[in-house]
Amino acid sequence: MVKKLIPAAVAALLLASAPSFAADKLHWITLGDAAYKQLQKMAPQAIAKHSVMADNGAQSLADGEKAHLVQVSEKQMFALSHAVHHELKRCGGFMFHPTEAAGRAALAGRNNLLAVKASRPSYAITQQSTVNAVLPNMQASNIAQTINDLSNFVNRYYQTQGGVDASAWLMNKWKTIAGSRTDISVAQFTHASWKQKSVIVTINGTDNPNEIVVLGGHLDSINTSGTTETTRAPGADDDASGIATMTEVLRALVANGYKPRRTIKMMAYAAEEVGLRGSQEIANSFASSNANVVGVMQLDMTNYKGGANDIYLFTDYTDVQQTAFVKNLITTYLPGVTVGSDKCGYACSDHASWFNKGYFTTMPFESPMNSSNPYIHTVNDTFANSRNQADHALKFAKMAAAFAIELGSQGAAPPSGDRTETFSGSLARGASKSFGPFKLAANGTFKASTTGSGDIDLYVKKGGVPTTTSYSCKSDGSTSTETCSTTSTTNTDVYVLVYGYTAGNYNLTVTYKAQ
Ligand code: BES
Ligand code: ZN
């Protein structure tokens, strides 16, 4: 990165803020090397309490950057981010922490995780028919509309009424899109320390609801010259574009009647611009309940085309394998869309909150860092200054839809076709145990069989749990070797019951054509 000297005007502003340092309330933040060096010029009093080599996901050690825990005033926090963006032409990312202990924990990042919570999914591309049905229906005009609607709030700052209202507006917009679908819910996520709420829409997985695919962007906007109730901060690109991109993904999935096997969640985070505060609270709460988030994609700035390529995949604070998968999705589904790569540094957006907790993250970006949108964080981050179009964001929406469908359609079980599942246990005389539902596909056969000791009987029923007197088929010979099968011309749920005619052990195998 090219470093420039701080111009006199900025230096004066920073000097002017220095005397109030002691009076201002101090906050704990963690930040990367570049931002820390800038901070030392601006406020030599701010000495790091603790520094470590950051785990930024880079493959080679030479790529490593250091991360530092410091205490700064609010003014310095914003002046810093502004100065790094404008003077160094790179992100001045930082994470806000409520306590020193929380700051130390975040600083250690992945290095001190006891276990990575996520299970690595398959990155095989298998959902061509669904993806190819959904993508052509996606429209730039819908994205443009949402960007304009969000930009029309005076600002969406985390502490203002505009920030609060934008959250309620988005919740209602997503509820309208979800319509009558009972498997989709939209809710706000309340944060104790500020008034803007995050918004989360959940599409429940049919088969593997505990495996979660996350798309995210940030709802808030900022004007780094100071944001009050009346300060304009349209944030059209940063990040109305990301929220609008996700909104179009949601609309297209619902319009197609798509039902994922895994759970898909789309998140509009509050308070990103003030240290990734909303996404940290959310990612921390998912991690502490051991949520199996299988993949996270961050959409932050998707509509300003600043470089030769279309989509730049960040290589730091992201997962190498998942990011290669996203590149593969682009090649497969978006012919003509070109891909580059870049790095955005410590804590540049909400994916870092998930990355720190051990989850797999990808951050596709609209431009290279050195020619990124110069208008962000000012009154001039408008739709007009993204050249009055949403064609660029549409590429990101299609990529994100492919990501949601490909990851969302998988699960522990294969997506469709022949499936075998086995169970074993023991039963007392007169006891029974039921299994299911097994999702039998139309015109498929469902077959169950047991082996074991004693005399175990087998019952199978379509549409409900069998009893010894109500079943679609039964097999009740004098040993535990039984077999019984049924067919259906429509998709149906099948259940199995094993019954201990005498006490015994059983091994149950079911094979069927899955929906
Ligand atoms: N959308 C930006 C991140 C960004 C800006 C990435 C330009 C690439 C190019 C984000 O909202 C932002 O402003 N991030 C801040 C850090 C945040 C914690 C205040 C940044 O990177 O300086
Ligand atoms: Zn920003």
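**Two disulfides and an enclosed ligand**

Let's start with a pair of cysteines: Cys344 and Cys348 are linked by a disulfide, with 1.7 Å between their sulfur atoms. Keep in mind as you look around that this is a predicted model. Both partners are tucked away, since Cys344 is buried and Cys348 is buried too. Now look along the bond itself. The torsion about the S-S bond of Cys344 and Cys348 comes out at about -80°, and therefore this disulfide is left-handed.

How many disulfides does a search of the whole structure find? It turns up 2. Besides the bridge you've just seen, there's one that joins Cys473 to Cys484, and here the S to S distance is 1.6 Å. Its twist is worth a look as well: the torsion about the S-S bond of Cys473 and Cys484 is about 95°, so this disulfide is right-handed.

Now let's move over to ligand 1. Where does it sit? The space that ligand 1 takes up is the largest cavity. Around it you'll find 21 residues, and the closest of them are His85, Gly92, Glu272, Asp300 and His377. Sort that shell by class and you get 9 nonpolar, 8 polar and 4 charged residues.

Some of those closest residues reach the ligand with polar side-chain atoms. Take Glu272: an N or O atom in its side chain is 2.8 Å from an oxygen atom of ligand 1. In Asp300, a polar side-chain atom lies 2.8 Å from a nitrogen atom of ligand 1. Then there's His377, where a polar side-chain atom sits 2.8 Å from an oxygen atom of the ligand. And how much of ligand 1 does the protein cover? On its own, ligand 1 has 520 Å² of accessible area, and the protein covers 100% of it.

Technical notes
Residues numbered from 1 in each chain as written. Chains lettered and ligands numbered in written order. Predicted model: local features only at pLDDT ≥ 70, side-chain atom pairs only at ≥ 80, totals over all residues. Heavy atoms only, no water. Near = heavy atom within 4 Å. Polar contact = N/O pair within 3.5 Å; in protein donor to acceptor, adjacent residues only side chain to side chain. Areas by Shrake-Rupley, 256 points an atom, 1.4 Å probe, with all protein chains shown as cover. 1 Å grid on protein atoms, 1.4 Å probe; cavity = no way out; pocket = protein on both sides within 12 Å on 5 of 7 lines; lining within 4 Å. Sits in = over half its atoms within 2 Å of the grid points. Nonpolar A, V, L, I, M, F, W, Y, C, P; charged D, E, K, R; others polar. Disulfide = S-S within 2.5 Å. Buried < 20%, exposed > 50% of the residue type's maximum accessible area, 1.4 Å probe, protein only.
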